[in-house]
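Colleague: Before we discuss this entry, could the structure be placed in front of us both?

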Amino acid sequence: MTDDVLVVEDLRVEFPTRKGVLTAVDGVSLSIKRGEILGIVGESGAGKSMTGMAVLGLLEPPGRIASGKIWLSGQRIDQLSDDELRVLRGKRMAAIFQDPLTSLNPLFTVGDQLVETIRQHLSVGKDEARQRALDLMSEVGIPAPTVRIDHYPHQFSGGMRQRVVIALALCAEPELIIADEPTTALDVSIQAQITGLLKRLCKERGMAVMLVTHDMGVIAETADRVGVMYAGRLAEIGEVEALVKTPRHPYTVGLMGAIPSLTGDVKELSQIPGNMPRLTDIPQGCSFNPRCSRHVDRCFVEVPELSHSGVACWSVDEERRS
Amino acid sequence: MLAFLLKRLLNAAFVMLAVALLAFMIFRFFGDPVEMMVNEQATQSDRAELRERLGLNDGLLTQYVRFVGNAVQGDFGISYRNQQDVMVLMAERFPATFELVIVATVLSLLIGIPCGVLTAVYQDRKLADGLQLASIVGVSLPSFVVGILLILVFSVTLGWLPAFGRGDTVDIGWWSSGFFTPSGRAALILPSISLSLFQITLVMRLVRAEMLEVLRSDFIKFARARGLPLSVVHWRHALRNCLMPVITLTGMQIGNLIAFALVTETVFQWPGMGLLFIQAVTFVDIPVMAAYLMLVSFIFVLINTLVDITYAYVDPRLRSDASVKGGVANGH
Ligand SMILES: Nc1ncnc2c1ncn2[C@@H]1O[C@H](COP(=O)(O)OP(=O)(O)OP(=O)(O)O)[C@@H](O)[C@H]1O
Ligand SMILES: [Mg+2]
């Protein structure tokens with residue numbers, strides 16, 4: 001517990017709308033240790049981004065944390081005011097977003113944006129901040145930083161821009177980084193470089209990283225543990241290797257079946273029939289039940305809780321007991 | 001960049017030629033210039049001689065070319081009314097209009113931009129609602145009504161500010177300025193407020209709309225994730241991204257303001273070009289009218305061209321192609 005940088009307990013994120021209250025994240029619990037990368041996978045709309053945004057305190061109204069607790073290195077942060085959270089953001093927890101093209105302000109040089117962020121969090125002078133910006137740029141692998149620091153975002157390629165975004169996240173040595181699909185918008189060849197960089201930084205600096213993606217391949221290469229989300233809930237969470245080799249939740253099994261390269265042998269690609277339900281019509285009981293081939297009676301009545309072994313499935317539960 | 005500049009300049013020249021054609025037509029076909037210039041006792045041969053001297057017997061194209069040639073040199077002939085060189089008349093009046101328009105523009109930016117940001121940022125607060133309401137009133141009140149109301153309150157009732165004229169001016173070369181005397185500055189206040197009111201609401205609404213758009217963008221979310229205070233996010237990152245359309249609007253509107261100053265100048269008896277034009281119209285003083293048309297159009301075109309060029313400077317993305325590719329090699 002003492003090593004945990006981020007602890008989330010029973011988090012619930014709601015959007016009050018005219019049609020009623022939508023629950024985008026429902027009962028999610030997870031933790032990330034120093035130097036650990038926790039991957040979060042799931043289909044579009046599963047609630048991955050909302051989980052990250054809730055931790056950062058950046059939910060767009062009317063979205064709000066309805067219940068649950070969040071600790072950052074032992075400090076409770078889910079009840080902090082906007083100002084108190086703002087002080088933490090960038091300093092102790094940082095974010096990396098999907099599209100490096102739009103994450104940077106086009107009208108300021110990358111140097112301006114780095115220096116501004118550094119001076120926001122550390123009490124250093126202009127020159128010192130600029131030196132630190134240069135150091136960060138070379139650390140994230142941007143060649144010729146002394147020249148590049150005065151360039152505008154549009155003068156960088158996508159991969160280089162994402163490195164700038166990572167440098168911005170590192171400005172104040174945060175304990176936690178939430179990376180929301182950091183490679184989705186990039187070329188495949190660049191993706192590996194960026195995930196490799198993230199992994200190196202995480203290990204070297206002992207940061208905790210939440211890596212949100214819908215690419216199981218990225219997770220398998222980068223993450224230590226992985227959580228699988230479905231319709232706002234965690235379906236399964238555990239060590240990457242175990243989860244990839246022996247997935248237990250039927251949804252995870254289907255997810256792994258849909259990935260050709262990881263299973264090794266070239267067997268037929270399976271597809272999970274159907275679609276994830278919309279938030280407005282989540283079925284009763286387990287939200288996966290309409291698409292599940294292994295459902296038992298209980299699945300239609302009661303929502304499965306995440307067990308100690310990290311699976312939320314009645315069928316798996318029954319198997320274990322028998 | 002050079003090609004871009006050239007294209008813009010050619011464009012501008014073409015527009016000016018078209019306007020010159022219009023002004024020429026007014027000059028040539030609105031009544032007979034000869035009849036306007038001679039007095040009743042002139043004989044037929046006097047008139048014929050004048051006609052010949054003015055070149056009115058030449059072909060239309062020749063006359064048009066001559067008109068443009070003269071206009072380029074600032075020669076619009078002699079005013080029918082007081083026999084003075086039209087360009088001299090204009091030059092005397094131009095500083096008054098220009099100072100009025102500049103002050104009105106500065107006012108519109110100084111008041112319009114902050115109001116626009118505030119209404120966008122504090123969308124559901126009383127202040128924002130109040131400003132919104134005020135802006136609706138601002139757009140719907142005609143400018144002469146505003147002018148008269150201002151005179152009524154501040155000149156007639158309170159007696160704080162002069163109701164007409166320009167106060168004392170100081171000559172700097174041919175330019176007469178009202179900025180340097182207390183009475184000149186006092187005289188500027190009411191007309192410039194009255195002229196800028198509509199412009200203020202325009203700027204405010206534009207900034208608000210742009211802000212709402214920009215505030216949704218990713219880099220704003222990321223700026224907040226970097227831990228920047230909201231004031232920095234709003235006033236530095238968001239606002240800067242709204243300024244481009246504001247520059248355009250302001251530029252384009254300077255031409256409009258010069259044209260609209262006509263009304264304000266009439267209400268406040270402000271001795272500018274607009275007042276001169278109104279007087280010219282009542283006397284059918286065609287050369288003055290033609291010169292006014294040409295001059296105002298020239299300012300319009302000049303400003304539009306400058307705005308386009310400024311654009312390229314404010315937004316680094318629009319600058320030269322070479323730096324867009326931006327390798328390490330072509331740094332600074
Ligand atoms: N403003 C909103 N009002 C109502 N529902 C919302 C709002 N914003 C997001 N949602 C819902 O919250 C759910 C979770 O969204 P989230 O962005 O976390 O998905 P995600 O897992 O990150 O998906 P993606 O892979 O597409 O990024 C979605 O079903 C979405 O429809
Ligand atoms: Mg997302």
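The exchange that follows takes up the fold, the sheets, the ligand, the chain contact and the backbone exceptions.

Colleague: What kind of model is this, and how many helices and strands does chain A have?

Modeller: This is a predicted model. Buried residues make up 46% of the 322 residues in chain A. The secondary structure of chain A comes to 12 helices and 10 strands.

Colleague: What is the radius of gyration of chain A, and what would be expected of a compact globule?

Modeller: The C-alpha trace of chain A spans about 65 × 50 × 40 Å along its principal axes. Among contacts with a separation of 6 or more, 63% are between residues 24 or more positions apart. A compact globule with 322 residues would have a radius of gyration near 20 Å, and chain A agrees with this, its own value being 21 Å.

Colleague: In what order do the strands of the four-stranded sheet of chain A lie, and which are its edge strands?

Modeller: The sheet is open and its pairing antiparallel, with the order β2-β1-β4-β5 in chain A. β2 and β5 (75-76) of chain A each pair on one side only, and the edge strands are therefore β2 and β5.

Colleague: Which residue of β4(A) stands opposite A:Val13?

Modeller: β1(A) and strand β4 (residues 64-72) of chain A run antiparallel and are joined by seven bridges. α1(A) lies across β1, β2 and β4 of chain A, at about 110 degrees to β1(A). Opposite A:Val13, in β4(A), stands A:Ile65.

Colleague: Which strands stand at the edges of the six-stranded sheet of chain A, and what is the average twist from one strand to the next?

Modeller: This open sheet has mixed pairing and the order β6-β7-β8-β3-β9-β10 in chain A. β6 and β10 of chain A stand at the edges, each with a single partner strand, so one side of each has no neighbour in the sheet. From one strand to the next, the twist averages 15 degrees.

Colleague: Which helices pack on that sheet, and what angle does α7(A) make with β6(A)?

Modeller: β6(A) pairs with strand β7 (residues 176-180) of chain A in the parallel sense over four bridges, and the bridge partner of A:Met93 in β7(A) is A:Leu176. α1(A) packs on the sheet, touching β3 (37-41), β6, β7, β8 (208-212) and β9 of chain A, and its direction makes about 150 degrees with that of β7(A). Helix α7 (residues 158-170) of chain A also packs on the sheet, touching β6 and β7, and its angle with β6(A) is about 170 degrees.

Colleague: Is β10(A) largely enclosed or left open, and which residue of β10(A) is the bridge partner of A:Val228?

Modeller: Six of the seven residues of strand β10 (residues 233-239) of chain A are buried, so the strand is largely enclosed by the rest of the structure. Six bridges join β10(A) to strand β9 (residues 225-230) of chain A in the antiparallel sense. The hairpin of these strands has two residues between them, and A:Ala231 takes a positive phi near 50 degrees there. In β10(A), the partner of A:Val228 is A:Glu236.

Colleague: Which element supplies the largest share of the shell around ligand 1?

Modeller: The shell has 15 residues, of which A:Ala24, A:Ser44, A:Lys48, A:Ser49 and A:Met50 come nearest. Its residues divide into six nonpolar, eight polar and one charged. β1 (4-17), β2 (20-33) and α1 (48-56) of chain A each supply at least two residues; the largest share, three residues, comes from α1(A).

Colleague: How many residues of chain A are in contact with chain B, and which element supplies the largest share?

Modeller: The contact involves 29 residues of chain A and 23 residues of chain B. On the side of chain A, 13 are nonpolar, 10 polar and six charged. The largest share on that side, three residues, comes from α4(A).

Colleague: Where is the cis peptide bond, and is A:Asp10 buried or exposed?

Modeller: The cis bond joins A:Pro61 and A:Pro62, with omega about 10 degrees, and A:Pro62 lies in the loop between α1 and β4 of chain A. A:Asp10, in strand β1 of chain A, has a positive phi of about 55 degrees although it is not a glycine. With 12 other C-beta atoms within 10 Å, A:Asp10 is exposed.

How values were computed: Residues numbered from 1 in each chain as written. Chains lettered and ligands numbered in written order. Predicted model: local features only at pLDDT ≥ 70, side-chain atom pairs only at ≥ 80, totals over all residues. Near = placed C-beta within 6 Å. Nonpolar A, V, L, I, M, F, W, Y, C, P; charged D, E, K, R; others polar. Rg over C-alpha atoms; globule rule 2.2 N^0.38 Å. Buried ≥ 20, exposed ≤ 12 C-beta atoms within 10 Å, placed from the backbone. Contact = placed C-beta atoms within 7 Å. Axes fitted to C-alpha atoms, helices over the stretch in contact; angles between N-to-C directions.
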